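Q: Please take a close look at one part of this model, and go slowly enough for a first-year student to follow. I would then like to see what can be said about other parts of the chain.

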Amino acid sequence: ESGATVYTAAATLDAAVIIDWYQYTYSPFRQMTEWVLSDLPPYSTAEITITISGATTSCGALVLGEVYQLGGTLTGQRLGITDYSRKDTDEFGVVTFVRRAYARRLSVDLMLALGELAPLQRLLSDLRAMPAVYIPADGPLYAPLVIYGWYRDFGVTVAYATSCLCSLELEGLT
C-alpha cells in the first residue's frame, strides 16, 4: 500500500550545452552522465520508486543516503582525470595503446566556522575508505564536479580566529 506522493522529479538525458545556432545544428547528442537529487524530503518510512525509460538508458549507480553540509565551497575547484590506459612502444618504435578505465579527480577548498571543524573531522573519519557522493556545487552546469568515490586527502588550515580553510582531494570510482 502506498501513501501520498510528496516528491517527484524528472530529467531529460540531453546534456548538450548549446550557445549558438551552429552548435544547435551540428553538435552531437551528449547524454547526461549523472543526475543528483539532494533535496529529497527526509521520511523514515519513505518508499522510493525509480523509473528509467528509453531504449538505451541505464543506471550505473544509484546512491541513497543522508546529505551532509561540509562547509562553503570556495571557487577554484580543480578537476582532472587519472588515466589507467597503457602506451607501449616496441623495439621498432611502434606504439600500441591499450585503452582502459579512468578515474575523475577533484581538488576542492572549503571554508567553515571553527566550531564546525570537529564534527567535519569526525564525519570524514567515518567516511574514510568508503564511497560517497561529493557535490561541491548544485546545478546542471556543475555536474562534472560531482564525484562518486572517496577522499584521498583531507587537510585543515586554522587561518582565522573564527574560521578555517579545509582542502579535500577526491578520487572517483572508475
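A: Tyr22 and Tyr26 both belong to helix α1, and because they are four residues apart there, about one helical turn separates them. (Helices, of type H or I with at least four residues, and strands, of type E with at least two, are DSSP runs numbered from the N terminus.) This is a predicted model, in which local features need pLDDT of at least 70 and side-chain atom pairs count only at pLDDT 80 or more, while totals for chains, interfaces and linings use all residues. Residues are numbered from 1 along each chain as its sequence is written, and side-chain values use heavy atoms, leaving out hydrogens and water.

Tyr22 is exposed, with a relative accessible area of 58%, and Tyr26 is exposed as well, at 59% (exposed means over 50%, buried under 20%, partly exposed in between, with a 1.4 Å probe and protein chains only).

How many aromatic pairs does the count come to? The count comes to two aromatic pairs, where rings of Phe, Tyr and Trp (its six-membered ring) pair if their centres lie within 6.5 Å, with planes under 30 degrees apart called stacked, over 60 edge-to-face and the rest tilted. Trp21 and Tyr24 make an edge-to-face pair, with 5.4 Å from centre to centre and 80° between the planes. These two residues sit three places apart in helix α1, so about one helical turn lies between Trp21 and Tyr24. Both Trp21 and Tyr24 are exposed. The pair of Tyr22 and Tyr26 is tilted instead, its ring centres being 4.9 Å apart and its planes meeting at 45°.

Following the chain beyond this helix, one reaches Trp35, which is placed in the loop between α1 (21-26) and β1 (72-73). Trp35 counts as partly exposed, at 45% relative accessibility.

In the strands the subject changes from rings to charges. The structure holds four salt bridges (a side-chain nitrogen of Lys or Arg within 4 Å of a carboxyl oxygen of Asp or Glu). One of them joins the side chains of Asp109 and Arg78, at 3.8 Å from N to O. Asp109 lies in strand β5 (residues 102-113) and Arg78 in strand β2 (residues 78-83), so this pair ties together parts that are 31 residues apart in sequence. Asp109 is partly exposed, with a relative accessible area of 24%, and Arg78 is also partly exposed, at 41%.

A further salt bridge is formed by the side chains of Asp88 and Arg86, where N and O are 3.2 Å apart. Here Asp88 is partly exposed, with a relative accessible area of 35%, as is Arg86, with 42%.

Glu171 and Arg152 also form a salt bridge, their closest N and O atoms being 2.9 Å apart. Since Glu171 lies in strand β8 (residues 163-172) and Arg152 in strand β7 (residues 147-157), the pair ties together parts that are 19 residues apart in sequence. Glu171 is buried, with a relative accessible area of 7%, whereas Arg152 is exposed, with 54%.

Strand β7 is also the place of Gly155, which counts as partly exposed at 22% relative accessibility. Gly155 and Cys166 are eleven residues apart in sequence, yet their C-alpha atoms are 5.5 Å apart in space. Leaving aside residues up to four places away in sequence, Gly155 touches Leu165, Cys166 and Ser167 (contact means heavy atoms within 4.5 Å).
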